[in-house]
Amino acid sequence: MGARRALHFVFKVGNRGQSVRFYRELLGMRILRHEEFEEGCKATCNGPYDGKWSKTMVGYGPEDDHFVAELTYNYGVGEYGLGSDFLGMTLMSSQAVSNARKMGWPLKEVAKGIFETEAPGGYKFYLEDKEQPQQDPVLKVTLAVSNLQKSVSYWSDLLGMKIYETNEEKQRALLGYADNQCKLELQGIGGAVDHATAFGRIAFSCPKEELPNIEALMKKEKQKILTPLVSLDTPGKATVQVVILADPDNHEICFVGDEAFRELSKMDPNGNKLLDDAMAADKSDEWFAKHKMQKTSA
């Protein structure tokens with residue numbers, strides 16, 4: 001198995017302006033790139049929606065060596081129902097804690113030096129009140145599972161992740177592809193996982209030639225393949241190949257060919273301007289108000 005990398009987690013955002021403010025001003029992330037699309041993605045990157053949408057990558061540094069957030073905005077959708085699937089993203093940044101206090105953003109200390117806060121849409125973030133490290137401050141993403149043993153087996157045996165920690169008593173396991181990468185934490189919740197409509201997707205890269213092998217393995221093991229191997233185009237940028245899977249609790253997993261993704265994900269120095277221009281040009285709220293309508297609540 002070639003080197004694999006944890007890349008990003010996809011968040012659907014109903015209010016793009018408020019969400020960008022949270023990631024940019026509170027968390028202190030940078031806009032790495034921004035892309036607009038006229039129609040839905042072949043691999044349902046924007047969810048099960050056909051209309052105009054945008055993708056904004058935000059993080060603490062280049063996607064080559066940082067785990068980032070993908071903010072997906074569907075122009076006609078105002079809010080999404082939150083399920084029990086996504087339990088939080090943990091990062092180390094005393095600056096983010098300080099920013100939250102200055103902005104008057106709600107913070108709750110849930111353990112010594114660890115603060116819980118929520119992004120618009122209700123997504124939980126855990127901020128460790130320590131100096132931001134030189135390497136990636138994003139430590140882990142926590143997902144809910146119904147059967148810890150079954151999920152650990154899937155992620156380690158089938159997807160090749162290393163098991164860093166397991167705690168049967170607390171029904172928790174920590175996995176990852178490398179010591180210096182963002183980890184995946186699985187947390188048993190003692191029941192079915194509800195994805196509602198806000199469900200996200202976690203993405204990893206692997207050598208392109210491994211993508212057919214991953215798909216073949218999942219077929220052999222009778223595991224879910226949501227989107228068989230497909231090429232995705234981004235106007236003016238590299239075309240990437242992806243395969244989309246689902247784990248035993250239906251968490252969506254994207255594997256993308258690493259070589260093309262490194263080309264696609266190069267930081268765009270115009271990212272901030274492209275995003276700000278798109279938000280300024282977005283008259284969807286005014287259009288719905290003028291026609292005495294509300295955006296869809298997905």
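**Asparagine 74 and its surroundings**

Let me start with one pair: the side chains of asparagine 74 and tyrosine 80 are joined by a polar contact of 3.0 Å, where a polar contact is a pair of N or O atoms within 3.5 Å, one able to donate a hydrogen and the other to accept it, with residues adjacent in sequence counted only if both atoms are side-chain atoms. This is a predicted model, in which local features need pLDDT of at least 70 and side-chain atom pairs count only at pLDDT 80 or more, while totals for chains, interfaces and linings use all residues. Residues are numbered from 1 along each chain as its sequence is written, and side-chain values use heavy atoms, with hydrogens and water left out.

Asparagine 74 lies in strand β4, residues 68-74, a strand being a DSSP run of E with at least two residues. With a relative accessibility of 2%, asparagine 74 counts as buried, that is, under 20% relative accessible area with a 1.4 Å probe and protein chains only. Leaving aside residues up to four places away in sequence, asparagine 74 touches Asn46, Tyr49, Lys52, Trp53 and Tyr80, contact meaning heavy atoms within 4.5 Å.

Turning to the whole chain, 52% of its 298 residues count as buried. Of the contacts between residues at least 6 apart in sequence, 68% join residues at least 24 apart. The C-alpha trace spans about 55 × 45 × 35 Å along its principal axes.

Notes: Buried means under 20% relative accessible area, exposed over 50%, partly exposed in between (1.4 Å probe, protein chains only). Helices (H or I, at least four residues) and strands (E, at least two) are DSSP runs, numbered from the N terminus.
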